Amino acid sequence: MAKLSLRDLAEPDRTGVGVSRAAVLADVIKKGTPIELVKGGKAVITIGVAGLDKLLEDAGQDVGKESPSQAKLKNVFSNKKPLKAVKNGKSENIGLSAIEKTEMFGSTGGSGAGAKETALAECAVAWFSAVRFNSSKDLTEMPSDAEFAAVSHLVDTDKDLDEIKEYLDGNIAWVMSITKTANKLWGEMRITNGYKWHRGGKFVAMLNDHFKKINNDKDYYDHPPFANLNKWSPADIWACECSVTKDQLTAATSFQSYNAYLKEMIDKKILYGISLKKAASSSITLSKVNYTLTRPTASFDSIYSKSFESLDVWMYTEGKIGIEIQFRDTSGGSDLTWQGEAIGSAAKHGKIGGGVYSKIIEEVTGSHLYTDADFQTIKTKARGGRLTDDFVSLANKGTVKEYVSGQKNPNKPANYEVPEINAELVEYHYNRTKHKGQWVFSKYMGMLLIDKMMSMSKNDRDKVSNLIAQYATSQHTLSAPFLKTM
């Protein structure tokens, strides 16, 4: 369990509240939002030293621990406990190290895990499942060494079993989650000792290579339908009964035929792709995704900036796939990259490059959001401080102004003042950031999207929103069938 530090507060904010994570702490203090403590439980954090709230707000607009505003925080927090944790009516003085570094403060997994831990947990599901499918009863605890040894020929993972066991040692929550997942898979698939379980390795590499071959085949598709494998199939592990050959598994020449073949393999209980999620309750469910040609649909709900000062623009869809997408520069300012991160009610669906969104918009309307040449020109102008006139002009369009200013945010503070967007204000925001041009670039790209979406007919907005939501959740018409744990 990681502790929050001054270094963390100086890092770029990824939540959309401000420029650095100091803004996130300032925001939870201002709103009275309970946050996790290292010693357990949640508490409301309040200010224990006069003026610290203003220092946090100022530091939230700068990245880098050497910046003047961040340096002022060091003076306050050094050898002091300038915050108060209020819990159950009681208050105690605390420092930053008493606050848990959760996802809002940059943890790579928040309530879940980082990349390495995720890989270990996914490999563990493969091993536990092999044991469960070799047993007559459900798992209730970590399998024994003898049980693991009995199925070693049925498991191919890219993490060593000893490393997996070391990771799970004492991690009761993960062990229980993984046992429940293995038991649930048995209930669905039910072939004793019939599957070999794969996470990484040559088998998965073979499937991935065939995906790339189809995805880049210009005889079938004008451009690759998917930016990456996960939007075709988000399967974390594969279970294969292995009565099929490599030639059979790689014979399809289009996603339509490949997906139909994979569904046939599921129906025959031969091959399953399985997307995993840590079980948060006493039981989990399995969802059969893309088993039919019918897909859940979404429609446009809204698009706006939560505040003019933030880097981002948010778009929301409603219907069967209700998600929110945060559009912003995701480079941290060292380079300029514009992406949208889709977030569902139960999980994040990952970042998608702006080019994907541009192609979806072009598919519906016949015109793109931007070209590669446009993108490079915008980056260059933003870096050089030459985007101000374009920015002011776009920001004051009727299709943009009230959406980018924060005016449309339904959760804006009661005393929120809608800014007058002029050159002076834009140049202020350009100069306040450590990485010059980051804010101007990120906000300008978001305004391009706002302008495009709000200039469309309602019907086209719904079509674009539907395609984006389906793509983001791996439920595109060309996405593969898979099982999903929930």
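The following conversation goes through charged pairs, cysteines and buried residues in a predicted model.

Biologist: Why is the contact of Glu92 with Lys39 called a salt bridge?

Modeller: The closest N and O atoms of Glu92 and Lys39 are 2.5 Å apart, and the rule asks for a side-chain nitrogen of Lys or Arg within 4 Å of a carboxyl oxygen of Asp or Glu, so the pair qualifies. Glu92 lies in strand 4 (residues 90-94) and Lys39 in the loop between strand 1 (35-36) and strand 2 (42-47), so the salt bridge ties together parts that are 53 residues apart in sequence.

Biologist: How do you know whether Glu92 and Lys39 are buried or exposed?

Modeller: Lys39 has a relative accessible area of 64%, and because the word exposed is kept for values over 50%, Lys39 is called exposed. Glu92, with a relative accessible area of 35%, falls between the limits of 20% and 50%, and is therefore called partly exposed.

Biologist: What makes Glu341 and Lys351 a salt bridge as well?

Modeller: Their side chains meet at 4.0 Å, N to O, and the cut-off is within 4 Å, so this pair is counted too. Glu341 belongs to strand 13 (residues 338-343) and Lys351 to strand 14 (residues 348-353), and the two residues are 10 residues apart. Glu341 is buried, with a relative accessible area of 12%, whereas Lys351 is partly exposed at 42%.

Biologist: How many salt bridges does the rule give, and what is the distance for Asp390 and Lys381?

Modeller: The count comes to 15 salt bridges. One of them joins Asp390 to Lys381, whose closest N and O atoms are 3.0 Å apart; Asp390 is partly exposed, with a relative accessible area of 30%, and Lys381 is partly exposed at 24%. Salt bridges can also be linked in a network, as with Glu122, Asp158 and Arg199.

Biologist: Which residues gather in a patch of negative charge on the surface?

Modeller: Asp160, Asp162, Glu166 and Asp169 gather in that patch. Asp and Glu count as negative, so each of these residues fits the sign of the patch. Glu166, which is found in helix 7 (residues 161-168), has a relative accessible area of 62%, and because patch residues need over 30%, Glu166 meets that condition.

Biologist: How do you know that Cys240 is in no disulfide?

Modeller: The nearest cysteine sulfur to that of Cys240 belongs to Cys242 and is 3.5 Å away, but a disulfide needs the two sulfur atoms within 2.5 Å, so Cys240 does not qualify. A search of the whole structure finds zero disulfides. Cys123 is also in no disulfide, the nearest cysteine sulfur, that of Cys242, being 17 Å away.

Biologist: Why are Cys123 and Cys240 called buried?

Modeller: Cys123 has a relative accessible area of 0% and Cys240 has 1%, and because buried means under 20%, both values earn the word.

Biologist: What makes Ile450 count as buried, and where does Ile450 lie?

Modeller: Ile450 lies in helix 17 (residues 438-455). The relative accessibility of Ile450 is 0%, and the limit for buried is under 20%, so Ile450 is placed in that class. From C-alpha to C-alpha, Ile450 and Tyr291 are 34 Å apart in space, while in sequence they are 159 residues apart.

Methods. Residues numbered from 1 in each chain as written. Predicted model: local features only at pLDDT ≥ 70, side-chain atom pairs only at ≥ 80, totals over all residues. Heavy atoms only, no water. Helix = DSSP H or I, 4+ residues; strand = E, 2+ residues; numbered from the N terminus. Buried < 20%, exposed > 50% of the residue type's maximum accessible area, 1.4 Å probe, protein only. Patch = residues over 30% accessible without salt bridge, like charges linked within 9 Å, V, L, I, M, F, W, Y side chains within 5 Å. Areas by Shrake-Rupley, 256 points an atom, 1.4 Å probe, with all protein chains shown as cover. Charge placed at Lys NZ, Arg CZ, Asp CG, Glu CD.
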